[in-house]
Amino acid sequence: MWLLRLAWALPMLAMASSSGPSPSPSPTELPPDKASIFADLSAAELRAVRTFLMSRPELGLSPSRGGPLAKNTLFLVELLPPKKRLALRYLDHGGRRPRRQARAVVFFGGQAEPNITEFAVGPLPRPSSYRPLRFKGSRTVPFTARPVTQLEYELLHGVLAQAMEPLHRLLLDATGFWFHNCSQRCLTFSDIAPRGLVSGERRSWLVLQRFVEGFFLHPVGLEVLVDHRDPDPRRWAVQRLWYNGRYFSSPQELAERYERGTLAVARLPEPPSQQLFSSYEPRGHFTTGTPTGVHGAKVCEPQGRRYRVRGNQLEYGGWSLAFRLRSSAGLQLFNLRFNGERVAYEVSVQEAIAFYGGHTPAAMQTKYMDAGWGMGAVTYELARGIDCPEVATYLDVHHFYDADGPVRFPRAICIFELPTGVPIRRHFDSDFQGGFHFYAGLEGQALVLRTTSTVYNYDYIWDFLLYPNGVMEAKVHATGFIHATFYTPQGRRYGSRVHSHVLGNLHTHLVHYKVDLDVAGTGNSFETMDVRFENISNPWSPGARVVQPWLHRQPRHSEYHLAVTRRHENEPTSSSIYAQNDPWEPLVSFEGFIRNNESIDDQDLVAWVTVGFLHVPHAEDIPNTATPGNAVGFFLRPFNFFDEDPSVASHSSVIVRPLDPPTFSRVEIQRWTPASPGPCIGPEPFTYNGTY
């Protein structure tokens, strides 16, 4: 069995069709060329897909950047993973290598009935054909469900600048900044989604902010509703405005109220040139006087790396896996094995959602679904020594997302071994007379695979951790700027006043993972286990009672319980890049995965895991939300799968035994690593580039 454990939920069990690992697991893992069937597309492959599709006259594709919205463009290209049965036949039985294909998303905006179509393109590296990809239910993707492109943002900026002309004097007097014909002291905006109230709409509330460092915390009290459904931006229009607690039907109405002196104006103080509250610049001091102007503890590898990265294959102790960073949703692990036994075929991030409440129209409308904002493609450079240790392995990635070719993102992934600061296990065996029989302990380390997603204001830190005892942990930390709106007294019931004119709106974070468990094969079943109590007669003391816990095990035979479903090729993901802008009629309806109530006895099963937390912003979220206390995740743990803790294979143990009790003047120290770790940190200075 393998245990899927969440900190806030009952444990879930995936029961294998066999009771444990094979008696003689292979001492070597798959060669890296086999893992490459799951590797992200190279820059050359991405360019080849674009060149091929652009050459097809029937598609009529144009460059993405510049020009009108009403055109056909290639929006996204990424790996289309092979079908599982073909991959397993190749990995396990020496079958034919699956054809390498790409998933291509095309926006057909230059036709009478605009839509979005996805294609499978291959074979790579020299594509020669394409075919439409069918979604479950065979629905056409409406054009209004598309993610917002850089071109659409540029057009929105122009429309908003023109609409703000009548409000130039109000904005300048109230904020000291302006929008129209601005080159400095400018206003900017953040947009809200979903974009409307029913399917087919594309109406966005825009929150105006001062464009200073950390502009997310500088709303000016003006929110504007723009209808931008039509592919022709000349038909876009401002429909409503909200300013300092009041609604207005047009910019002209708001301007007239200001000119007549009947408007309650929210006048903002001049922002300081230094130590702005939204800045990372140090300010204040700690009272103890302990040093903070020197470097703190660091991670080091005194005898070199204890893991191996070959292409997209990662090996560490008993662990081996293939990994990729897909542009659409983020990290995805394949063929996860421990000591040669496959634990899971796939473990991957699916979606990150944040539901907000508030008094302003933008706040009450905000339901962010981050796969629709390019969650997997906003993986910017990781800073050495801050985002990851200096000694980590850093990997570049290429994304083809809302661009006219592959874009290189340097240092987007890092891999490192982390001292956990707590032993994997330890015991001090006292003789209860001032001495001991032995001490034994195993150093605590884990291998970390990490990337980040900066989805506008929020930063997510995505981790997969591999422990030497066969435990895998999936974890996400939330940090970055809170999504803030303008403070009004009525807004206090929806959050906290975190600065003079800033309300931090309450919200719930939910993160969805896919866990395709293959424990000792694909034929798995599902059982829940919870603790109950019994009050029984004491068998060795008549008349007495014993209250004690017992395990209640319950096999689950159909899809309902804790979102465990049969695996289907047409259910590869629980969300899509289109859900954000059409949540009312989603292309991928996760509810449909469990509603058909299929049998899950001895089947290929997928556990869909949701983790999350409520965030009530507070003053300490300024300038950014901190990672301590804002992390959630889950564990995969072996449960009666091995004969003993598999970490006994680690050589990081120490055993101490006294040689001359009861004097204890001499001890025998047994260890299987060098007695001294040696030098630790190299002298290289901190560097950072930040370009992509």
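This report describes the domains, one helix, one pocket and several individual residues of a predicted model.

Residues are numbered from 1 along each chain as its sequence is written, and side-chain values use heavy atoms, with hydrogens and water left out. Because the model is predicted, local features need pLDDT of at least 70 and side-chain atom pairs count only at pLDDT 80 or more, while totals for chains, interfaces and linings use all residues.

**Domains**

The chain is divided into domain 1 (36-133), domain 2 (150-260) and domain 3 (307-535 + 547-649); such bounds come from an automatic or database domain assignment. Between domain 1 and domain 3, the C-alpha centres lie 28 Å apart. Their contact takes 30 residues from domain 1 and 29 residues from domain 3, where contact means heavy atoms within 4.5 Å.

**Helix α2**

Helices (H or I, at least four residues) and strands (E, at least two) are DSSP runs, numbered from the N terminus. Helix α2 covers residues 43-54, which is 12 residues. The expected span of a helix is 1.5 Å times one less than its number of residues. For α2 this gives 16 Å, and the end C-alpha atoms are 16 Å apart, so the two values agree.

The buried residues of α2 are A43, E45, L46, V49, F52 and L53. Buried means under 20% relative accessible area, exposed over 50%, and partly exposed in between (1.4 Å probe, protein chains only). An α-helix has 3.6 residues a turn, so residues three or four places apart point the same way. The buried residues of α2 pack against five strands: β3 (72-80), β4 (101-108), β5 (115-122), β6 (129-132) and β19 (393-401).

**The second largest pocket**

On a 1 Å grid over the protein atoms alone, a pocket is an open set of points with protein on both sides within 12 Å along at least five of seven lines, a 1.4 Å probe being used for the fit; lining residues have an atom within 4 Å of a point. Grid points are joined across faces, edges and corners, and a volume is the space filled by probe spheres set on the points.

The second largest pocket has a volume of about 1100 Å³. It is lined by 44 residues, of which L80, P81, L133, E569 and P572 are the closest to its centre. The lining divides into 19 nonpolar, 10 polar and 15 charged residues. In this division Ala, Val, Leu, Ile, Met, Phe, Trp, Tyr, Cys and Pro count as nonpolar, Asp, Glu, Lys and Arg as charged, and the others, Gly among them, as polar.

Domain 1 and domain 3 each give at least three residues to the lining of this pocket. By element, at least two lining residues come from each of β3, β4, β6, β15 (319-326), β16 (330-338), β17 (341-356) and α8 (591-595).

**Backbone geometry**

The loop between β5 and β6 holds P123 and also P125. A cis peptide bond joins G122 to P123, and another joins L124 to P125. Positive phi values in residues other than glycine occur at A520 and at N640. The table lists the angles with their places.

| Residue or bond | Angle | Place |
|---|---|---|
| G122 and P123 | omega about -10° | P123: loop between β5 and β6 |
| L124 and P125 | omega about 20° | P125: loop between β5 and β6 |
| A520 | phi near 55° | loop between β29 (507-517) and β30 (525-537) |
| N640 | phi near 60° | loop between β34 (631-638) and β35 (653-658) |

N640 counts as exposed because its relative accessibility is 61%.

**Individual residues**

The contacts given below leave aside neighbours within four places in sequence.

R131 lies in strand β6. With a relative accessible area of 40%, R131 is partly exposed. R131 is in contact with Q101, E118, F119 and A120. The C-alpha atoms of R131 and F119 are separated by 5.3 Å, and the two residues are 12 residues apart along the chain.

L155 belongs to helix α4 (residues 150-163). Its relative accessibility of 21% is why L155 counts as partly exposed. L155 is in contact with L69, P233 and W236. L187 is 32 residues from L155 along the chain, and their C-alpha atoms are separated by 16 Å.

R666 is found in the loop between β35 and β36 (667-671). R666 is partly exposed at a relative accessible area of 49%, and P658, L659 and D660 are in contact with R666.
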